[in-house]
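Work through three short exercises on the structure shown here. Try each task before reading its solution.

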Amino acid sequence: MVYQSEYTQHERFPDLLATTHDDGNGVIVIASENRVTLQIHLLTATIVRVRYAEYGIFDSDFSYAIDPAFERKLPEYYIKETEDDVLIHLPEFYIQVARQHLKVAMWNYDDQPILQDEKGYHWEESYELGGNIVQMTKVHQPGEAYYGLGDKPTHMNLRGKRLVNWGTDEYGYPVHKDPIYKSIPFYYGLHSGMGYGLFFDNSYKTHFDFASERQNVTSFWAMGGDMNYYYIHGPSLLDVSERYALLTGKPEMPPMWSLGYQQSKWSYQPQSQVLDIASTMREKKLPCDVIHIDIDYMDGFRCFTWDKEKFPDPKGMTASLHADGMKVVVIIDPGIKIDFDYEVFTAALEKDYFCKRADGGYIKGKVWPGDCYFPDFTRPEVREWWASLYKELIQDIGIDGVWNDMNEPALFEVDSKTFPDDVRHDYDGNPCSHRKAHNVYGMQMARATHEGQKQWAGNKRTLTITRSCYSGVQRYSAGWTGDNIASWDHVWAAAVQCTRLSISGMSFIGADVGGFIQQPTGELYIRFLQIGMFHPFFRTHSSGDHGDQEPWSFGEQYTDYARSNIEMRYKLLPYLYTSFFQCASKGTPFLKPLAWESQTDSQCIHSNEVTIVGDHILTAPVISPDVKGRTVYLPPGGWYNYWNADYHQGADEAWIDVSLAQAMIMIRAGAVIPFFPVQQYVGELDFDYIDLICYYAEEETESMWYEDDGSTLLHAEGERVVHRFITSADEQGYWIQHTQDGDFPQRKSELRISLVGFPEEISICKVDGKEVSARQGVLHVDSQCEEIRLLY
């Protein structure tokens with residue numbers, strides 16, 4: 001082989017194209033003279049799989065990330081061969097494969113490059129480990145920005161960063177630390193107003209260089225496996241998000257209570273303290289739906305057991321909490337204590353369910369219980385067994401959710417913090433080492449937990465939470481950002497990480513309010529609370545050895561501030577629940593960076609902690625002490641301050657007052673936002689109306705409100721309704737068109753409509769042609785109405 005100057009001495013690469021074969025069903029196979037094979041799979045008109053292998057020998061075609069429900073829809077296409085290239089034409093773009101080195105590029109039909117190989121595919125042989133280190137380099141386009149890649153606690157735009165995916169237990173991680181807990185090898189590129197996505201579906205340790213080593217090149221590589229990636233066409237970043245969700249799966253609709261406030265600590269014990277914490281929440285009128293119980297409820301940290309001295313009556317405790325409107329979540333870790341009097345251990349040992357080293361011995365590691373063995377969650381029969389273990393917790397005791405921790409998997413007292421590379425895994429019938437299975441281990445544990453809860457919960461929805469994961473985990477679990485710190489830079493990081501995870505497919509996410517490590521001041525706690533209240537998973541959690549961190553722990557004044565912010569969360573629940581429905585039905589990210597608002601506005605492209613929540617709310621955290629507000633860049637369009645109705649024209653910066661009692665809530669002009677009355681927990685009040693606030697804009701704007709029973713699986717059988725509101729204005733007045741899709745017998749019967757920002761006083765209100773009067777400035781109308789006309 002003759003090495004070209006663009007490659008190093010140890011790099012191998014495809015040489016000249018030898019053959020091209022189109023199977024007629026959207027799979028184009030191109031081989032080089034040195035027997036490298038390139039497969040291009042046209043999965044839909046906008047999703048293309050690109051796969052290379054040396055000698056044409058591919059790994060088994062198996063992925064934990066791809067949703068089994070994903071349906072391939074063969075697009076129209078045709079192939080044209082030229083002297084230099086093979087061109088594959090699809091409806092919205094075309095693919096160019098160069099005859100030299102089989103380099104691939106995607107172009108739009110204005111002949112602008114979207115994604116373009118630089119060196120393209122190349123590899124290095126790994127004699128020590130076996131197989132190849134597979135590598136890909138792409139051209140960094142002028143001004144290109146990059147987003148995604150999961151839980152990276154760094155700037156939203158990843159340009160100039162070099163990052164790694166390898167799930168790591170990183171206690172008290174500083175901002176910009178990498179890697180940490182999650183491995184999601186999916187990123188977005190944005191340049192020239194065009195967005196695209198690239199998902200590198202390889203569960204080995206993966207590396208990404210976004211124009212860091214070389215300023216004109218973006219590259220990614222893996223320490224084994226195939227070069228196997230998916231190109232996801234835009235050009236809208238939102239379309240890319242939803243197409244990635246189509247490929248890797250969407251979350252199930254959660255119970256509404258899981259979007260309420262949640263209180264946790266390492267650890268609430270004994271049983272009496274759990275009950276006291278819940279009781280104090282009610283006494284102080286601090287809305288709360290969930291209390292979490294950490295590892296100290298167990299008998300010597302043995303999973304699926306209870307310490308009978310600390311928790312003498314877990315079933316009675318759970319029933320008492322339920323009677324007071326409080327749900328219960330318990331923690332379960334993967335390490336199973338080596339104890340021959342412990343039934344879970346002996347059953348798994350007898351069935352040979354534990355992970356083994358390459359020479360046949362079990363992998364033994366120290367975690368909370370001491371010496372442990374670890375189930376191989378990549379075996380289907382192990383997941384089925386694990387699911388069966390939840391019967392007592394879920395069906396008998398009545399636990400409502402499960403929180404999986406330490407599942408990177410994490411080990412104590414070893415430098416690597418995890419299993420040795422030689423540990424073997426089944427990988428669903430594709431045996432491999434821990435090098436390949438490490439990044440999926442936590443995901444498969446969460447999957448087994450999710451399946452166990454569904455098996456034993458009957459018609460109820462449940463909550464699964466995981467610390468570690470791989471792409472596609474959103475089908476099974478929510479998550480949190482791990483062991484953060486009570487510091488101002490971690491308020492910033494919470495906003496950035498949760499938004500990044502949301503656009504990386506994992507919308508059901510949150511950060512520990514107040515920080516898990518160290519003790520926040522009252523002010524810092526409230527500023528954490530004010531960003532957490534916009535994240536789907538809204539939980540205060542802390543390490544008990546750093547002091548108390550309940551909302552009342554900082555004095556009466558800060559208790560009042562906490563109450564005010566948590567109450568606002570409960571008012572917003574129908575809006576947030578609707579935003580989650582969009583995520584569950586379409587894959588729309590719950591949280592979005594400003595670049596999703598404007599792909600050509602440089603301020604939006606480089607924005608960090610400013611977040612769009614759902615369709616129509618913008619928020620940003622206060623990230624410094626002793627300040628009364630902050631400057632925020634508002635994207636194009638009009639924006640109203642919820643608290644005082646002040647109007648701000650977008651595409652400009654604005655100073656927004658942000659008191660400790662009132663988080664930043666900016667609402668898009670034209671939006672219709674649904675609100676609930678304040679409740680101490682979801683379902684406390686029986687009310688038959690919804691408050692809608694309409695924010696004036698001349699432009700046509702669409703808003704949504706989703707209803708179901710919030711707790712059972714009946715929504716999946718059609719018992720739900722989607723309300724859509726289309727608003728517009730002219731010189732005569734304002735129009736609200738209301739349509740409904742679905743059938744939900746318990747739907748709210750009345751809409752109570754308030755108006756904000758209208759240029760003139762409304763003189764006549766007509767609902768479906770009939771004139772009605774407002775009461776104290778609020779219009780009360782039947783929820784079945786179709787048209788509301790407000791005339792000046």
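The model is predicted.

**Exercise 1. Elements over a helix**

Task: Find which elements cover the buried residues of α3, and decide how those buried residues are placed around the axis.

Solution. Start with the cover: it includes α2 (271-283), β20 (290-293), β21 (327-332) and α6 (391-397). Next, list what lies beneath. In α3 (residues 314-323), Pro-314, Met-317, Thr-318 and Leu-321 are buried. They span an arc of only 95° around the axis, so they sit on the same side of α3. The spacing rule fits here: an α-helix has 3.6 residues a turn, so residues three or four places apart point the same way. Now turn to the other side of α3, where Lys-315 and Ala-323 are exposed. Finally, step past the helix end. Just after α3, Gly-325 has a positive phi of about 80°.

**Exercise 2. One residue in α8**

Task: Is Val-491 buried or exposed, and what is it in contact with beyond its neighbours within four places in sequence?

Solution. Locate Val-491 first: it belongs to helix α8 (residues 488-503). Its relative accessible area is 0%, so Val-491 is buried. Then collect its contacts, leaving aside neighbours within four places in sequence: Leu-524, Arg-527, Phe-528, Ile-531, Pro-621, Val-622 and Ile-623.

**Exercise 3. A helix pair**

Task: Work out how α10 and α11 are oriented to each other.

Solution. Take the axes of α10 (residues 556-571) and α11 (residues 573-586). They come within 5 Å and cross at roughly 55°. The two helices are therefore oblique to each other. Now name the residues that meet: Arg-569, Tyr-570 and Lys-571 from α10, with Leu-573, Pro-574 and Leu-576 from α11. Sorted by class, this contact has four nonpolar, no polar and two charged residues.

Technical notes. Residues are numbered from 1 along each chain as its sequence is written. This is a predicted model: local features need pLDDT of at least 70, side-chain atom pairs count only at pLDDT 80 or more; totals for chains, interfaces and linings use all residues. Side-chain values use heavy atoms; hydrogens and water are left out. Buried means under 20% relative accessible area, exposed over 50%, partly exposed in between (1.4 Å probe, protein chains only). Helices (H or I, at least four residues) and strands (E, at least two) are DSSP runs, numbered from the N terminus. The arc is that of the directions from the helix axis to the C-beta atoms. Contact means heavy atoms within 4.5 Å. Axes are lines fitted to C-alpha atoms, for helices over the stretch in contact, and angles run from 0 to 180 degrees between N-to-C directions. Angles under 35 degrees count as roughly parallel, over 145 as roughly antiparallel, 65 to 115 as roughly perpendicular and the rest as oblique. Ala, Val, Leu, Ile, Met, Phe, Trp, Tyr, Cys and Pro count as nonpolar, Asp, Glu, Lys and Arg as charged, and the others, Gly among them, as polar.
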